[in-house]
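Here is a brief report on the model shown below. Please read it with the structure open.

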Amino acid sequence: MSTVLALESLQNEISFMAQHSINEGRENLNDLEIEHLIKMTNDVLLRIKQQTQEMYN
């Protein structure tokens, strides 16, 4: 998966979770949602780091 697609997927997930939270009348994400987004963000950052390292090797 390219970096752009990974970033787009992360953006879509954040938007979905935010809308879901609003629809449920919540102002904040719950702990599981936050954990999920942190994991997704970490995965995207690792992907970017790997691609950057490949470019300079």
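## A buried glutamate

Glu33 is buried, because its relative accessible area is 10% and the cut-off for buried is under 20%. The model is a predicted one. Glu33 belongs to helix H2.

What does the side chain of Glu33 make a polar contact with? The partner is the side chain of Arg26, at 3.1 Å. Arg26 also appears among the contacts of Glu33 beyond four places in sequence, along with Met17 and His20.

## The helix pair

Helix H1 covers residues 3-23, and helix H2 covers residues 31-56. The two pack at an angle of about 170°. Their axes lie 10 Å apart. H1 is therefore roughly antiparallel to H2, since angles over 145 degrees count as such. The crossing of H1 past H2 is left-handed.

Which residues meet across this pair? H1 contributes Thr3, Ala6, Leu7, Ser9, Leu10, Glu13, Ile14, Met17 and His20. H2 contributes Glu33, His36, Leu37, Met40, Thr41, Val44, Arg47, Ile48 and Gln51. By type, the residues of the contact of H1 with H2 split into nine nonpolar, six polar and three charged. Glu33 is thus named on the H2 side, and its contacts with Met17 and His20 are with residues named on the H1 side.

## Ser21 in H1

Ser21 sits in helix H1. Is Ser21 buried or exposed? Ser21 is buried, because its relative accessible area is 3%, and under 20% counts as buried.

Neighbours within four places in sequence aside, Ser21 touches Arg26, Glu27, Asn28 and Leu29. Arg26 is thus a contact of Ser21 and also a contact of Glu33. Ser21 and Glu33 are twelve residues apart in sequence. Their C-alpha atoms are 9.6 Å apart in space.

## Asn23 in H1

Asn23 is also found in helix H1. Asn23 counts as exposed, because its relative accessibility is 61% and the cut-off for exposed is over 50%. Ser21, by contrast, is buried.

How far apart are the C-alpha atoms of Asn23 and Met55? The separation is 43 Å. Along the chain, Asn23 and Met55 are 32 residues apart.

Technical notes: Residues are numbered from 1 along each chain as its sequence is written. This is a predicted model: local features need pLDDT of at least 70, side-chain atom pairs count only at pLDDT 80 or more; totals for chains, interfaces and linings use all residues. Side-chain values use heavy atoms; hydrogens and water are left out. Axes are lines fitted to C-alpha atoms, for helices over the stretch in contact, and angles run from 0 to 180 degrees between N-to-C directions. Helices (H or I, at least four residues) and strands (E, at least two) are DSSP runs, numbered from the N terminus. Angles under 35 degrees count as roughly parallel, over 145 as roughly antiparallel, 65 to 115 as roughly perpendicular and the rest as oblique. A crossing is left-handed if the near helix is turned anticlockwise from the far one by less than a right angle, and right-handed if clockwise. Contact means heavy atoms within 4.5 Å. Ala, Val, Leu, Ile, Met, Phe, Trp, Tyr, Cys and Pro count as nonpolar, Asp, Glu, Lys and Arg as charged, and the others, Gly among them, as polar. Buried means under 20% relative accessible area, exposed over 50%, partly exposed in between (1.4 Å probe, protein chains only). A polar contact is a pair of N or O atoms within 3.5 Å; within protein, one must be able to donate a hydrogen and the other to accept it, and residues adjacent in sequence count only if both atoms are side-chain atoms.
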